[in-house]
Amino acid sequence: MKNNNKIYEAPLLMNLELTTKCPLRCPQCYCELTGGRDLPLEEAVYWVEEAARCKVEYINLSGGETMCYPHLFPLLEKIHTLGMKANVALSGAGFERKELEDMKKAGIHEICISLNGPTDEINAMSRQGFDLAIKALELLKKDGFQNTCINWVMHRSNADYLEDMAKLAEEYCVKELVIMVFKPDSEHERKGLPTREQIEKTAHFIKNYHGSVSLSAESCFSQLRVLLGERFFGNLNRGVDRGCGAGRDGISVNIDGKLTPCRHLEYPEDTKSLSEYWNNSEILKQLRQVEEHLESPCGGCKYNRNCLPCMAVNAKMKNRISFGDTSCELWKRGEVCHEN
């Protein structure tokens, strides 16, 4: 239930960072893949039980590579037993028929395959493991698994291939293709951001697509969502869901078992109460008030009432929480109002 247009009364989503292990070394990875650490099972179970008490609906399991987590299947079973839906993000590494069967027995809700291009060449510009991802999609299609999605991070190098990605998703009977915003990498850089023209082209394609796959922009990609929400008499991208959901509709547990606003915002707090964190965290309060202190260029942008860009961008690149993404391409359209 929404508390107001900025926040839900309790988080809808909790992300669990399960492991820092990963066999891949993708060129633009945003994870710290050092040390080979795992979130202890008892810690993971504790937060899953906390989530159930707060009536969280979705538990997202991430890494590193999620398949490297040694306690994945009992954790999935625990989530299912408590009445929540578990989503797992995979590269395809370590994912075979047995692992799929074990996931299904444990009550998995959705399996998301990370893939950034329709060919090995395009994918390799930002990710490794094209063959692994395709093999996973083939396995899921052959099994008839109903809730397969593809996570496609949009870069300048792959932004012109969304139509080909949609065709690939159709071929493998994928339910949803999620267009994800390019967040700062592990070095806190963003090299190869998509251009304004590419974002506009992507929005146009999604609006006019009539295929079998659901094409959607993740909440963090507010610049794309605001274009998808454009109508003649206003913009439908409004309310708490219009952009970055960090501390508004979801939270995260990091590899140390500490709470953060999302997996990309590195402001860990050492508390054992999800409810207390949601209602009293000073960092969450700050995130929920960024609209009251708009900075350039967002302050003068025509979309500022309908857009809430990823808060991790400024946090990682400028070491502060602020609503004013100088890397945003939309304000460069020349459609800026100066009344603010």
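Start at residues 334–340, where pLDDT stays under 50. For that stretch the model has 11 contacts beyond four places in sequence. This is a predicted model, and where pLDDT is low, the predicted coordinates should not be read in detail. So much for the caveat; now colour the whole chain by confidence. The average pLDDT is 91, and 96% of the residues score at least 70.

**Stop one: Thr19**

Next, select Thr19. You'll find Thr19 in the loop between strand E1 (13–17) and helix H1 (41–53). Is Thr19 buried or exposed? Its relative accessible area is 0%, so Thr19 counts as buried.

Show the side chain and look for its polar partners. One is the side chain of Asp38, with a polar contact at 2.8 Å. The Thr19 side chain also reaches the backbone nitrogen of Lys21, at 3.0 Å.

Now bring up the surroundings of Thr19. Setting aside neighbours within four places in sequence, Thr19 is in contact with Arg37 and Asp38, with Ser62, Gly63, Gly64 and Glu65, with Cys68 and Tyr69, and with Ile255.

**Stop two: helix H2**

Move on to helix H2, residues 72–81. Pick out Leu72, Leu75, Leu76 and Ile79, which are buried. Why do they sit on the same side of H2? Turn the view to look along the axis: they cover an arc of only 100° around it, and that is why they share a side.

What covers these buried residues? Switch on E1, H1, strand E2 (58–62), strand E3 (85–90) and helix H3 (97–105), which are among the elements that do the covering. Before leaving, click on Gly83, just after H2: its phi is positive, at about 85°.

**Stop three: Asn87 in E3**

Strand E3, part of the cover over H2, is also the place of Asn87. Select that residue. Its relative accessibility is 9%, so Asn87 counts as buried. Leaving out neighbours within four places in sequence, Asn87 is in contact with Tyr58, Ile59, Asn60 and Leu61, as well as His109 and Glu110.

**Stop four: Ala51 in H1**

H1 is another of the elements covering H2, and Ala51 is in this helix. With a relative accessible area of 0%, Ala51 is buried. Which residues does Ala51 touch, not counting those up to four places away in sequence? Select Met14, Val56, Ile59, Met84 and Leu274. Ile59 may look familiar: Asn87 is in contact with Ile59 too.

For a distance across the model, draw a line from the C-alpha of Ala51 to that of Leu228. The two atoms are separated by 32 Å, and the residues are 177 apart along the chain.

**Stop five: Ala203 in H7**

Leu228 is also a way into the next stop, since Ala203 is in contact with Leu228. Ala203 is found in helix H7, residues 196–208, and is buried, with a relative accessible area of 4%. Apart from neighbours within four places in sequence, its contacts are Leu224, Leu227 and Leu228. Add Ala217 to the view: its C-alpha is 9.3 Å from that of Ala203, with their positions 14 residues apart along the chain.

**Last stop: the cavities**

Finish with the empty space. How many cavities of 30 Å³ or more does the structure hold? There are two, and the largest has a volume of about 140 Å³. To find it, select Val181, Arg190, Leu193, Ile199 and Gln223, which lie nearest its centre among the 17 residues that line it.

Technical notes
Residues numbered from 1 in each chain as written. Predicted model: local features only at pLDDT ≥ 70, side-chain atom pairs only at ≥ 80, totals over all residues. Heavy atoms only, no water. Helix = DSSP H or I, 4+ residues; strand = E, 2+ residues; numbered from the N terminus. Buried < 20%, exposed > 50% of the residue type's maximum accessible area, 1.4 Å probe, protein only. Polar contact = N/O pair within 3.5 Å; in protein donor to acceptor, adjacent residues only side chain to side chain. Contact = heavy atoms within 4.5 Å. pLDDT = per-residue confidence, 0-100. Arc of directions from axis to C-beta. 1 Å grid on protein atoms, 1.4 Å probe; cavity = no way out; pocket = protein on both sides within 12 Å on 5 of 7 lines; lining within 4 Å. Points joined across faces, edges and corners; volume = space filled by probe spheres on them.
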